[in-house]
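User: I would like to go through this model step by step, beginning with its sheet and moving on to charged pairs and surface features. Please reason briefly before each answer.

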Amino acid sequence: MALPPETGSQNDVPRLRFLIDVGTGMDFMAQQERARRQTRLLMAYFILSVAVVVALVYLVLASLILSYHESPAYPSGLLNAVVPVLDLLTRMLLHPLAYLKWVWRPYLFLQTASWTLLSISLGSFYKIRRLSKGGAAVAELLGGRRLNSNPNDPDEQKLRHVVEEMSIASGTPVPELYVLDNERGINTFAAGHTTSDIAIGVTRGCLKLLNREELQGVIAHEFSHILNGDTRLNMRLMGVVHGILWPVIIGRVLIRGTDRPAEPGESILDEETSAVRLPFLPFGAALIGIGSAGLPLVRLTKSAICREREWLADAEAVQFTRYPAGIVGALKKAGGLSKRGRLDTPHAETASHLYFVNASVEPFFHFQSTHPPLAKRILAIDSTFDGQFPHVAMLEPTLFERQRLYEDAVTQALAFEKAHPDSVLSGLTVESIRAANVIRLGLPASVARAIREPAGAMAVIYAMLLGTDEATRHAQLDILRTNSDPGIYQTTLDLLTGVENLADHVKLPVIDMALPALRYLDPELYQQFARNVQELIEADRAIDLFEYTLQRILFRHLRPYYEKARPPAVAYTTLKPLLTECAILLSALAQLDQNDPVQARAAFRNGARLLELPTEDLNLLTREACNLPQIDVALDRLARATLILKRQILLACAHTVAEDERVGTREAELLRAIADTLGCPIPPFVQATGDLKECPRPR
């Protein structure tokens, strides 16, 4: 099926040039590739940490075993216990080389190393398996409560609205939201392997103590981590380091009866320690000692990888919101709170690198901290900060002060970007956030309510797929009447008017907003939903571009939940074997909105030059040679390219669309389908200019 040229009106989209010049959507690819390089750095740090832990464990065990084995017997039991230890210390301090030679026993080392490596491997494997279902697993591990789609609490509504606006603005599915009800500190985190399984968690203190602007600054910080690929790296880091830390957790259970660490100044023994646990105290202490030997190495690993990303996330949060007082206010409140960002969960240390601020006691050596000091983070944005954290609520700054702080913050952010040219800002901008606010607040009330519940979200998708032709719609309604629940069928009819009134550029963001609810269908209901969507699309024996894009986006993000679908493995590291696929995409985009062959050829060349291939290798195809079935096959192959190649391909597609300085709705739909398949979120940039001028106040 060839794609006919679009005959509808065009929207001038200066923001598309902005997207291309700044590299907003495509920077997601670059940051993902950087995260992949940092994964290799993570593995190097981990191997080094394991080697040090193995060496320390061997030195401790071998020294104790050899000292008591070779020590002569004394009549006093106290002497039998003390003399070998004193002799060992003397050897170590006075004759270290002789001590190392004496303690070396290859057979004993092989046994110790084998058991240590086995225990670390089992601990890491256990944690990686537990985290395999994505960010929700981390949120539940930390004691989070999933926030429903229609919360009654005003603060929870505020959180959901802020996150939805950020999601729409960045072109990503709305993450799962969790509230850590038992945590009174001010903190947040984002976790997940891909944009399809991201979860954002906020503490009760963050939810209740921050105003909307401060909360938006914190959420913008977390979205920077999502868009830069930090969440996937952090999940891997959380899994691998658990193997080193798990002896500490087991030791706490044996000594305290709980895996919760002792607070500063609190006894290591739980107040209700029973006599039954007393025999396990030496063994528990030994496990804590062994695990603690690796704790500084784990903190160094986290610090080396994460601290720079925190600076970048703060800078981008200012760029996203253009309101530096928001994130600065959140950081000041966190610093002024006696608990700061500390969490009570026993897993706080395991996930310490995920948070907005430090979630445990500050280490004695600051270079081991996973986050920069709060005062330095504030000074990087607000140079007037005096280092004093307020204990009372601050007055809102004047407009003049906001503008001055904004100029200072932008200067700091640009200086950071100049010093780190490979850390280009992501696709979330204040314009896209404002546009997202327009979209969210402009939804019909019935549609806004429906997309937050599984049944209502299904009905909205069904209503979007109903055709305008009377015969086609009648056939589609017969399909729904026969194959769906009567309640969902009636809800679809009730929502039909509201869905039909949605502007074309709003429909894809509505799909993103419906995804969280659609992730909680029963498996049988999901299968029924998938079949119905397919049958509704095929009812007219044709598939248009919107139907294709909806189907691509919808099931790319739902299949990992219901069908355990794995991302395609990388198979292509150069563009040469993908020339045909690239030609199909560029030809389709070039001709989708063009009747003039000369202009279509110019658009094709404008995109093809970004692929940096000989011009004779890429030729403009006929419309019949780049129809939807061929685009579908091409996207499946391109999804197996490396991140760098995907970024290059998407950049070429964007330049093809931008050749005539205009972009139509169908061009935006196809570009969104391409970007989503390649794993790169882009904002809903097809927007009437007036929408941004008449932006209602957020609520």
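User: In what order do the four strands of the open sheet stand?

Analyst: This is a predicted model, and what follows should be read in that light. The pairing in the sheet is mixed: β2 and β3 run antiparallel, joined by two bridges, whereas β3 (residues 176-180) and β5 pair in the parallel sense over five bridges. Strand β4 (residues 188-191) in turn pairs with β5 in the antiparallel sense, over four bridges. The order of the four strands is therefore β2-β3-β5-β4.

User: Which strands stand at the edges of that sheet?

Analyst: The order of the open sheet is β2-β3-β5-β4. A strand at the edge has a single partner strand, so one of its sides is left without a neighbour in the sheet. The strands in that position are β2 (145-146) and β4.

User: Which residue of β5 stands opposite Tyr-178?

Analyst: Tyr-178 is also the bridge partner in β3 of Arg-146. On the side of β5, Leu-177 stands opposite Ile-200, and Ile-200 is in addition the bridge partner of Ala-190. For Tyr-178, the residue that stands opposite in β5 is Gly-201.

User: How many of the residues of β5 are buried, and on which faces do they lie?

Analyst: One side of β5 carries Ala-199, Gly-201 and Thr-203, while the other carries Ile-200 and Val-202, and all of these are buried. Both faces of the strand are thus covered, and the count of buried residues in β5 (residues 199-203) is five of five.

User: Which residues of β3 point the other way from Glu-176, Tyr-178 and Leu-180?

Analyst: β3 is mostly covered, with five of its five residues buried. Glu-176, Tyr-178 and Leu-180 point one way from the strand and are buried. The residues that point the other way, also buried, are Leu-177 and Val-179.

User: Turning to charged pairs, which residue forms a salt bridge with Glu-214?

Analyst: A search of the whole structure finds 24 salt bridges. The one made by Glu-214 links distant parts of the chain, from helix α9 (residues 212-227) to helix α12, with the two residues 119 apart. Glu-214 is buried, at a relative accessible area of 8%, whereas its partner is partly exposed at 27%. With the closest N and O atoms 2.9 Å apart, that partner is Lys-333.

User: How far apart are the closest N and O atoms of Arg-481 and Asp-478?

Analyst: Arg-481 and Asp-478 both lie in helix α18 (residues 470-483), three residues apart, which is about one turn of the helix. Arg-481 counts as partly exposed at 45% relative accessibility, and Asp-478 also counts as partly exposed, at 28%. Their closest N and O atoms are separated by 2.4 Å.

User: Is Asp-676, the salt-bridge partner of Arg-556, buried or exposed?

Analyst: The side chains of Arg-556 and Asp-676 meet in a salt bridge at 3.6 Å, N to O. The pair joins helix α22 to helix α27 (residues 665-677), with the two positions 120 residues apart along the chain. Arg-556 is partly exposed, with a relative accessible area of 30%. Buried means under 20% relative accessible area, and because the value for Asp-676 is 6%, this residue counts as buried.

User: Which residues form the negative surface patch that includes Asp-544?

Analyst: Asp-544 is placed in the loop between α21 (523-538) and α22 (545-562). At 38% relative accessibility, Asp-544 counts as partly exposed. The residues that form the negative patch are Asp-469, Glu-470, Asp-540 and Asp-544.

User: What is the approximate phi of Arg-541?

Analyst: Arg-541 is found in the loop between α21 and α22, and at 83% relative accessibility Arg-541 counts as exposed. Its phi is a positive value in a residue other than glycine, as is also the case for Arg-322, where phi is near 55°. For Arg-541, phi is near 60°.

User: How much accessible area do Val-60, Leu-61, Leu-64 and Ile-65 have together?

Analyst: Val-60 is placed in helix α2 (residues 24-70) and is partly exposed, with a relative accessible area of 47%. Together with Leu-61, Leu-64 and Ile-65, Val-60 forms a nonpolar patch on the surface, whose accessible area is about 330 Å².

Definitions and conventions: Residues numbered from 1 in each chain as written. Predicted model: local features only at pLDDT ≥ 70, side-chain atom pairs only at ≥ 80, totals over all residues. Heavy atoms only, no water. Patch = residues over 30% accessible without salt bridge, like charges linked within 9 Å, V, L, I, M, F, W, Y side chains within 5 Å. Areas by Shrake-Rupley, 256 points an atom, 1.4 Å probe, with all protein chains shown as cover. Salt bridge = Lys/Arg side-chain N within 4 Å of Asp/Glu carboxyl O. Lys, Arg positive; Asp, Glu negative; His and termini not counted. Charge placed at Lys NZ, Arg CZ, Asp CG, Glu CD. Buried < 20%, exposed > 50% of the residue type's maximum accessible area, 1.4 Å probe, protein only. Pairing = 2+ DSSP bridges.
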